[in-house]
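Here are a few exercises to work through with the model open beside you. Try each one before you read its solution.

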Amino acid sequence: MRPITIALCVLAGAVELFAQAGTGTITGIITDPTGAAIANANVEVRNTETNAPYPTATTETGAYTVPRLPPGPYSVTVSASGFKKLTRSGISVDAGQTIPLNLTLEVGETTESVTVQAEATLLKTESGDVAHDITLEQLDDLPILGIGTANAGSIGIRNPFNSVQLLPGVTYAGNFAMIVNGAPTNTAGYRLEGLDFTNHVTPPNNFAIQMAQPSADAIQEMAIQTSNYAPEFGQAGGGLFNIIMKSGTNQFHGTAYEYYVNEFLNAGDPFSFNAGTPGNPSGGKFRPVNRRNDWGGTFGGPVRIPKIYNGTDKTFFFFSYERYKEDQALTFTQSLPNAQYQAGNFSAISPNGGAGFNPALGVPATPIAKDALGNNIYANEIFDPLSRTTVNGQQVAMPFANNIIPQARFSPVAVAIQNLLPPLSNSGLISNYSGYNLGERITDVPSIKVDQIIGPKQKLSLFFQNSVTNVQYSTPNGNADGLPPL
């Protein structure tokens with residue numbers, strides 16, 4: 001079992017301590033038709049999905065800045081005395097992005113309005129960082145999110161970090177390597193909802209990335225900065241990942257999905273032939289058994305409790321659940337007591353075994369010590385505990401004849417345990433059992449995000465995620481002996 005829990009609570013107020021890694025900024029200058037700056041103009045940035053307002057006003061130079069905007073679609077409305085009200089919509093804000101938006105007001109009455117539908121400029125002039133934004137739609141549409149395979153990593157579920165394979169200067173291998181622009185591997189920084197959740201615990205950082213991996217369908221976007229980070233990201237080495245989880249809106253939305261793998265849907269191995277079993281010939285090409293399921297769903301919207309609370313424009317939730325299941329056959333070779341051992345006969349491994357001793361096993365045939373009575377002591381001798389005596393202050397016991405324990409002396413507990421042992425594959429002393437156990441690997445990734453709009457300058461956000469992988473025989477998360485649970 002490998003549980004990983006992330007709980008984040010963020011209060012975004014008027015303080016400047018709130019990390020801007022997971023938010024964006026809109027900034028610009030408001031002017032009149034002659035190019036002169038308009039001071040004290042009212043500027044309101046509004047999220048068009050949650051209707052959350054972010055008001056401000058221009059300075060004496062006509063400049064305005066609205067920071068800490070959660071990623072999403074926005075509109076900007078500007079009003080000033082003697083000018084028509086201007087609304088600019090269709091603006092998309094990404095994590096860590098600063099959007100320059102200069103606007104010009106037309107002379108007229110404030111009761112008149114001008115609405116412009118246009119995207120913000122793609123020319124980046126406010127910062128020098130090199131960043132790439134990847135959305136959930138891109139993750140779903142591109143064939144890069146395998147399940148249960150190498151690119152999924154040990155956790156098995158679809159791996160959103162696989163998207164870095166599309167970026168220039170990045171070398172990535174699930175579980176093991178994240179190299180950005182030649183920096184040392186696994187030195188990237190990770191921000192989830194603006195807070196650091198970089199895993200530096202697992203040496204040498206293998207599996208560290210996957211241990212806190214979020215579900216792909218719960219992600220709104222990943223903003224990946226590969227160079228020229230701002231000073232606030234000084235802890236990042238090779239790459240900075242800003243991961244923003246989906247939030248609820250004023251409309252209820254939900255999804256459901258199932259990613260299914262079965263050998264029946266796969267192509268057969270080239271140049272192979274499946275003869276089937278006796279009496280049940282199959283024919284055709286051989287298709288190795290391969291069965292995996294990755295299913296789940298999401299649901300989000302405003303928090304509404306009939307006749308008690310209406311969270312429209314104020315309180316939102318988004319829930320996501322993903323489960324990965326894979327049947328696994330574990331084969332292994334193990335050493336168990338052979339028939340002679342189970343009968344108490346250990347003559348083959350000690351010179352005390354008489355004619356049954358096998359020196360080819362590498363056991364020394366000569367005495368290795370003497371007891372207090374002067375008797376020779378040989379390797380691998382088994383002594384009768386009932387024959388113990390004290391000679392000159394030393395404990396002395398006599399070995400069982402021919403290194404064989406009489407069955408009448410067997411412990412009932414030992415007999416009961418031996419009866420549970422499976423049949424052996426051969427009569428050897430070691431590597432005499434070929435085991436096969438059919439198990440399954442299950443990974444559950446539930447998460448929930450709650451957003452509360454307290455006021456124009458106060459927003460509260462809570463995100464919780466728990467990732468757990470359960471495997472009966474610890475494959476691939478460890479190296480158990482493979483024996484059944486009993």
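Keep in mind that this is a predicted model; the exercises below go from a surface patch to strand pairing and then to the cores.

**Exercise 1.** Find out which residues make the nonpolar surface patch of about 400 Å², and decide whether L265 is buried or exposed.

*Solution.* Start with the patch: Y260, F264 and L265 make it up. Next, place L265 in the chain: it sits in the loop between β18 (253–261) and β19 (292–302). Last, check its accessibility. L265 comes out at 57% relative accessibility, so it counts as exposed, the cut-off being over 50%.

**Exercise 2.** Work out which strands pair with β19 through nine bridges and through eleven bridges, and how enclosed β19 is.

*Solution.* Take β18: nine bridges tie it to β19, and the two run antiparallel. For a landmark, look at A256, which stands opposite G297 of β19. Now turn to β22 (residues 315–334), which pairs with β19 over eleven bridges, again antiparallel. Here G296 has E322 of β22 as its bridge partner. Finally, burial: eight of the eleven residues of β19 are buried, so the rest of the structure largely encloses this strand.

**Exercise 3.** Trace the largest nonpolar core, and say which strands each supply at least two of its residues.

*Solution.* Begin with the 25 residues of this core; I26, V45, L69, V76, V78 and L105 have the most contacts inside it. Then map the strands: β2 (24–31), β3 (42–47), β5 (63–69), β6 (72–79) and β7 (85–93) each supply at least two. Apart from this core lies another, of 24 residues, including L167, V170, A188 and Y190. Zoom in on V78 to finish: beyond four places away in sequence, its contacts include I30, V43, L86, L103 and L105.

Note on methods: Residues numbered from 1 in each chain as written. Predicted model: local features only at pLDDT ≥ 70, side-chain atom pairs only at ≥ 80, totals over all residues. Heavy atoms only, no water. Patch = residues over 30% accessible without salt bridge, like charges linked within 9 Å, V, L, I, M, F, W, Y side chains within 5 Å. Areas by Shrake-Rupley, 256 points an atom, 1.4 Å probe, with all protein chains shown as cover. Salt bridge = Lys/Arg side-chain N within 4 Å of Asp/Glu carboxyl O. Helix = DSSP H or I, 4+ residues; strand = E, 2+ residues; numbered from the N terminus. Buried < 20%, exposed > 50% of the residue type's maximum accessible area, 1.4 Å probe, protein only. Pairing = 2+ DSSP bridges. Core = buried A, V, L, I, M, F, W, Y, C linked by side-chain atoms within 4.5 Å. Contact = heavy atoms within 4.5 Å.
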